[in-house]
Amino acid sequence: MNQTKTPIKAAIKTRLLTAAEFQRLAEVPPEAEWFRNIRSPATKRAYENAIKDFMTFTGIKRPAEFRDVTRAHVIAWRDDLGDRLGDRTLIGASIRHRLAALSSLFQYLCDKNTVTHNPVKGVKRPKVESDVGKTPAIADHQARKLLVAPAEKSLKGIRDRAILATLLYHALRREELCKLTVRDFKHERSGVAHLKVSGKGEKTRYVPLHGVAHDLISEYLNKAGHGADNAGALFRPFRNSRKGGNRKKAITPDGVYKLVKKYSALLGFEIGAHALRATAATNALDHKADIAKVQEWLGHANIATTRIYDHRKTRPEDSPTFKISY
C-alpha cells in the first residue's frame, strides 16, 4: 500500500492548482467555458459583441438563463437587428454573423448536454445581398503604382514596400501579415521559397513566395538587422523603437491598415488593406488561376467565399451586347 500512496502524495505536492482553484474551475458555467475556449482574438471580439447584444435584448443577466431561450426569442432578436435605425442598422451579412455566434454557443451547450436543442437552428437568416464582394479590387495600373509609392530609401520606406508587396502578391489578411515571424519567411518546399501563414481557425498554410516580395523582404531584413531573429516578428513598427519599446513587437493590424490607406490616398484612391487581398485574388482569377487553388491560397473554408472575387462572368467586354452585329 505504501508504494501506491507515494506517487499520489508526490503528485499532490507538485500540483499547480490548489484544491480550491480546482473546484472553482470545475464549477465554471458551460456558457463561460465556451467563450474562454475561443482562441482567435478577432472571433472572440465579434462573438462577445453578438452575445452581449442578445443578452441586452432579452434581459439575460446570468449564464443559466440561456437555458430558457426559445426559437421565438431568437427570431425576435433577428427581427430587431434588421429594424434598428441610424448607426445601428445592420446589413444582412452582419445579422448572419451574429446568429452564427449565438448558434455556436448553443451548439456547445448541446454538446455538454446543458440544453436539449439549439434554438437558432431553423431560424431563417437574411439572404446574402450579392455574390459580389463588398471590398472592391483596384486596377492593375493602380496596384503597380502602389507597389512603388513608398519612394524614400529609408528603412521605413523599404519596410513599407515589402509590406505592400507581401499583401499584393500573396493576398494575406492583415492579421496574418502581422503574425509572420522571420522563420516563417525562411521556409522552402521542393526548392521553392514559401511563407508559412497562420490563418483563421488556427489553420496553417504554406504560400509560395513571389520573387519581388522575396527581394524586398530580404532587403528590409538586411537593413533592419533582425534577419537572424527567427522567433521575432518579421515586420516591426518604428514608433516603439524610438520610445525604447520592445523592438521585437510586430506591427499591428491597425498599423497595416493606416499604411495602406496613407499610400493609396496619396495616389488618389483611398482604400483599406483588405482591398489588396481582393485585388490579388481577382488578378489571379483573371489570369486563369484555378479557383480551387485560389481557395486554398486564400485560406477559405468554402469555395463560395472565393467566388466573390471571380469577376470573369461580369466583365463588360465579354457581354453578349458586344457580340451583336447587324
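**Close-up views of a predicted model**

**View 1. Helix 7 and helix 8 are roughly antiparallel to each other.** This is a predicted model. Two packed helices are described by the angle between their axes and the distance between the axes. Here, helix 7 covers residues 140-147 and helix 8 covers residues 155-170. They pack at an angle of about 150 degrees. Angles over 145 degrees count as roughly antiparallel, which is why this pair gets that label. The two axes lie 9 Å apart. Helix 7 brings Ala143, Leu146 and Leu147 to the contact. Helix 8 meets them with Arg161, Leu164, Ala165, Leu168 and Tyr169. By class, the contact of helix 7 with helix 8 has 7 nonpolar residues, 1 charged residue and no polar ones.

**View 2. Thr166 sits in helix 8.** Is Thr166 buried or exposed? Its relative accessible area is 0%, so Thr166 is buried. Residues up to four places away in sequence are not counted among the neighbours that follow. Thr166 touches Ala171, Leu172, Leu177 and Leu180, among others. The list of residues it touches also includes Leu195, Ala213, Ile217 and Phe235.

**View 3. Three strands form an open sheet.** The order of the strands is 1-2-3, and the pairing is antiparallel. Strands of a sheet pair through backbone hydrogen bonds, either parallel or antiparallel. Which strands stand at the edges? Strand 1 and strand 3 do, each with a single partner strand. One side of each is therefore left without a neighbour in the sheet. From one strand to the next, the twist averages 45 degrees.

**View 4. Strand 1 and strand 2 form a hairpin.** Strand 1 spans residues 187-189 and strand 2 spans residues 192-198. The two run antiparallel and are joined by 3 bridges. One bridge pairs Arg189 with Val192 of strand 2. There are 2 residues between the strands. Ser190 is in the turn, and it has a positive phi of about 55 degrees.

**View 5. Strand 2 and strand 3 form a hairpin with 5 residues between the strands.** Strand 3 covers residues 204-208. How many bridges pair strand 2 and strand 3? There are 5, and the pairing is in the antiparallel sense. His194 has Pro208 in strand 3 as its bridge partner. Val197 has Arg205 in strand 3 as its bridge partner. In this hairpin, Gly201 takes a positive phi near 65 degrees.

**View 6. Lys196 lies in strand 2.** Its relative accessibility is 26%, so Lys196 counts as partly exposed. Which residues does Lys196 contact, leaving aside its neighbours within four places in sequence? They are Leu180, Asp184, His187, Thr204, Arg205 and Tyr206. Thr181 is 15 residues from Lys196 along the chain. The C-alpha atoms of Lys196 and Thr181 are separated by 8.8 Å. In a regular strand the side chains alternate between the two faces of the sheet.

**View 7. Trp34 pairs its ring with Phe35 and with Tyr47.** A search of the whole structure finds 6 aromatic pairs. In one of them, the ring centres of Trp34 and Phe35 are 6.3 Å apart. Their planes meet at 50 degrees, so this pair is tilted. Trp34 counts as buried, at 7% relative accessibility. Phe35 is partly exposed, with a relative accessible area of 23%. In the pair of Trp34 and Tyr47, the ring centres are 5.9 Å apart. Their planes are at 10 degrees, so this pair is stacked. Trp34 lies in helix 3 (residues 30-36), and Tyr47 lies in helix 4 (residues 41-58). The pair therefore ties together parts that are 13 residues apart in sequence. Tyr47 is partly exposed, with a relative accessible area of 21%.

**View 8. Four rings, those of Phe54, Phe66, Trp77 and Phe106, form one aromatic cluster.** For the wider setting, the protein has 15 helices and 3 strands. Of its 326 residues, 35% count as buried. Consider contacts between residues at least 6 apart in sequence. Among these, 56% join residues at least 24 apart.

Conventions: Residues numbered from 1 in each chain as written. Predicted model: local features only at pLDDT ≥ 70, side-chain atom pairs only at ≥ 80, totals over all residues. Heavy atoms only, no water. Axes fitted to C-alpha atoms, helices over the stretch in contact; angles between N-to-C directions. Helix = DSSP H or I, 4+ residues; strand = E, 2+ residues; numbered from the N terminus. Parallel < 35°, antiparallel > 145°, perpendicular 65-115°, else oblique. Contact = heavy atoms within 4.5 Å. Nonpolar A, V, L, I, M, F, W, Y, C, P; charged D, E, K, R; others polar. Pairing = 2+ DSSP bridges. Buried < 20%, exposed > 50% of the residue type's maximum accessible area, 1.4 Å probe, protein only. Phe/Tyr/Trp six-rings, centres within 6.5 Å; stacked < 30°, edge-to-face > 60°.
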